Structure formats: structure tokens, C-alpha cells
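Please look over the sequence and the model before reading on. The paragraphs below are meant to be read with both at hand.

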Amino acid sequence: MSGSDNPRRISLDDFRHEALADVGSTNTECLERARKGALSGLWITADRQTGGRGRRGRAWFSEPGNLYSSLLLIDAAPMDRLGSLPLAIAVAVQDAVSRVMPLGAPEVLVKWPNDILIERRKVCGILIEGEALPDGRHALVIGIGINVSVAPGAGLYPVATLRDFGVSASPDELFAHLFRSMAETLALWNRGRGIASIMERWKEVAGGIGENITVNLPDRSISGRFAGIDDTGLLKLETDDGGTQLIAAGDVFFG
């Protein structure tokens, strides 16, 4: 994926994987590699993170037994198309987790924009970070932490592990599914040109559409009915006064 809007679709061959034991943060490792000239498509995984982080600078619990992974993308899409990328990432992760769930297990759903839930309990966190590189390229790092066998302590949301739902796959086995699912989904996303297809996939696995929700914004909380997403991926919240607010970022709570 180059700086030009190249029409060539990506494939599995565009990705490579480096597995580490302990690392401060897989996201930080990817960004450091990018600053040194690393090409797009690099996956970094680690057995353990000593400095993992979540959204808004929150610490991310990173003991051995879970999947800690980050994907480096360089010039992933024109900047005006990047807003739909979190939805594409959620679709890919939902697919990978679903593939290791046993028969009869509860559904794996996405909470806007890209938390992965099973029975309304969070099993995965996704953190997307980016920066402009000195050579003019733009680096994006997609951090994906999945609770395979160890759950963090109580946080903003109820949490669970995949083991709680009978999953026997190891972090390595789960990553093999994620590696393939991400390649297929990013090919469908097609540098933002495939946003309509991604939206359809996302709506099929979204949780809470039509329900009452509360969205915590940096400066306030607002409540209303979750009316889905618009054609750019913004959350549509129908408020009590009959209006609709579009929300670009926030923490969503059901009920």
C-alpha cells in the first residue's frame, strides 16, 4: 500500500508476522519500526506486554495467556476515507473470534465502533494510533488485545475470556485466523473504496441497534436510542426531543 491511491487490492502476501516474547507495547514496537522504514503489513505479536495501553491512555492488562497483536499499515488510505477503518477492523476481529467459538456458543457481537462482546461482556480491545513519519509517509498501527484465558480486573465494562465460553484455541491459533481475516477484510475495505460492503458486514454483527444507550463523551454523557450508523460510520443517536445526533467517538453503554 503506497502513498498513491493504487487500485491493486492487498492479499495475504502483503502481510508478515514477527512474534516476540515480552515487549513494552506491540503498538509502540510497530511505530518504532515504522520510523525506521518498515513497510506496510507488519504484524507484531507478544506473549506479554509490560506497558500495554488502551483508549484515552488507559492501561491495558497484558499478562501471558492472551493475544497481544498490532498491525502496521503505511498510507492505508486517503485521509478522508480513514474514518471507516475502525469498522473494518471490528468486522475482521469479530470474524476471527467467531471461528474459534464452539458450536452452540453465544454470538460474538460488535459494540460501536469496535469493541468485541460476548453476552455483553468485553473480550477484546482495539486501539488505533497513527503518526506522520519524517519521510512523508503516514503510519497507522492497529492494536488488538483479545482475552483468551486471562481477564483484567473490573473496568468500564463487564469483561470475559474466550475460555469462559468453551474456546480451546490458543492465542497462536486465534492469531492465525485473525491474520487471514484481516487480510480478507482490508481487501474488501479496499483503501476505503469498499466502505458500503464493510457497513453491511458491520451491521450484521452489531449489538444494541434499536436499544437505548448512553454515550460518554469527553465533556458529557448523552442518552437515546441507538439508530445504527450513517454512511460514514458515525453513530446515530435518536434523542428524546426527536432529534438525531451523529457521534464520531465515545464510550457506549447499553441500557
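What follows is a walk through some parts of this predicted model, taken one element at a time.

A convenient place to begin is helix α3, which covers residues 171-189. At 1.5 Å a residue, the 19 residues of this helix should span 27 Å, and because the C-alpha atoms at its ends are 26 Å apart, the expected and the computed span agree. Many names appear on its buried list, among them Leu 174, Phe 175, Leu 178, Phe 179, Met 182, Leu 186 and Trp 189. What covers these buried residues includes the strands β1 (16-23), β2 (42-49), β3 (67-74) and β7 (138-146), together with the helices α2 (85-100) and α4 (195-205). After α3 comes Asn 190, which has a positive phi near 55°.

Some of the buried residues of α3 also take part in aromatic pairs, of which the count comes to 4. In one of them, the ring centres of Trp 43 and Phe 175 are 5.1 Å apart and the ring planes stand at 85°; since planes over 60 degrees apart count as edge-to-face, this pair is given that name. Trp 43 belongs to strand β2 and Phe 175 to helix α3, so the pair ties together parts that are 132 residues apart in sequence. Both Trp 43 and Phe 175 are buried. Phe 175 forms an aromatic pair with Phe 179 as well, again edge-to-face, with 6.0 Å from centre to centre and 65° between the planes. These two residues are 4 residues apart in helix α3, which means that about one helical turn separates them. Through such ring pairs, Phe 15, Trp 43, Phe 175 and Phe 179 are linked into a cluster.

Strand β3, one of the elements that cover α3, deserves a closer reading. In a regular strand the side chains alternate between the two faces of the sheet. In β3, Leu 67, Ser 69, Leu 71 and Leu 73 point one way, while Tyr 68, Ser 70, Leu 72 and Ile 74 point the other way, and all are buried. With 8 of its 8 residues buried, β3 is therefore largely enclosed by the rest of the structure. Which strands pair with β3? Strand β2 pairs with β3 in the antiparallel sense over 5 bridges, and Thr 45 has Ser 69 of β3 as its bridge partner. Strand β7 also runs antiparallel to β3, and 8 bridges join the two; here the partner of Leu 71 is Ile 142 in β7.

In the loop between β3 and α2 lies Asp 75, which has a positive phi of about 45° although it is not a glycine. Is Asp 75 buried or exposed? Its relative accessible area is 15%, and because the limit for buried is under 20%, Asp 75 counts as buried. Another acidic residue name to follow is Glu 29 in helix α1 (residues 26-35), which at 17% relative accessibility likewise counts as buried. Leaving aside neighbours within four places in sequence, Glu 29 is in contact with Leu 20, Val 23 and Ile 44.

Two further loops complete the tour. Between β4 (108-111) and β5 (115-118) the loop holds Pro 113, which is joined to Trp 112 by a cis peptide bond with omega at about -5°. The loop between β5 and β6 (121-132) contains Arg 120, a residue other than glycine with a positive phi near 65°. Arg 120 counts as partly exposed at 37% relative accessibility, and its charged end sits over the ring of Phe 254, 4.0 Å from the ring centre.

Key
Residues numbered from 1 in each chain as written. Predicted model: local features only at pLDDT ≥ 70, side-chain atom pairs only at ≥ 80, totals over all residues. Heavy atoms only, no water. Expected span 1.5 Å × (residues − 1). Buried < 20%, exposed > 50% of the residue type's maximum accessible area, 1.4 Å probe, protein only. Contact = heavy atoms within 4.5 Å. Phe/Tyr/Trp six-rings, centres within 6.5 Å; stacked < 30°, edge-to-face > 60°. Lys NZ or Arg CZ within 6 Å of the ring centre and 35° of its normal. Pairing = 2+ DSSP bridges.
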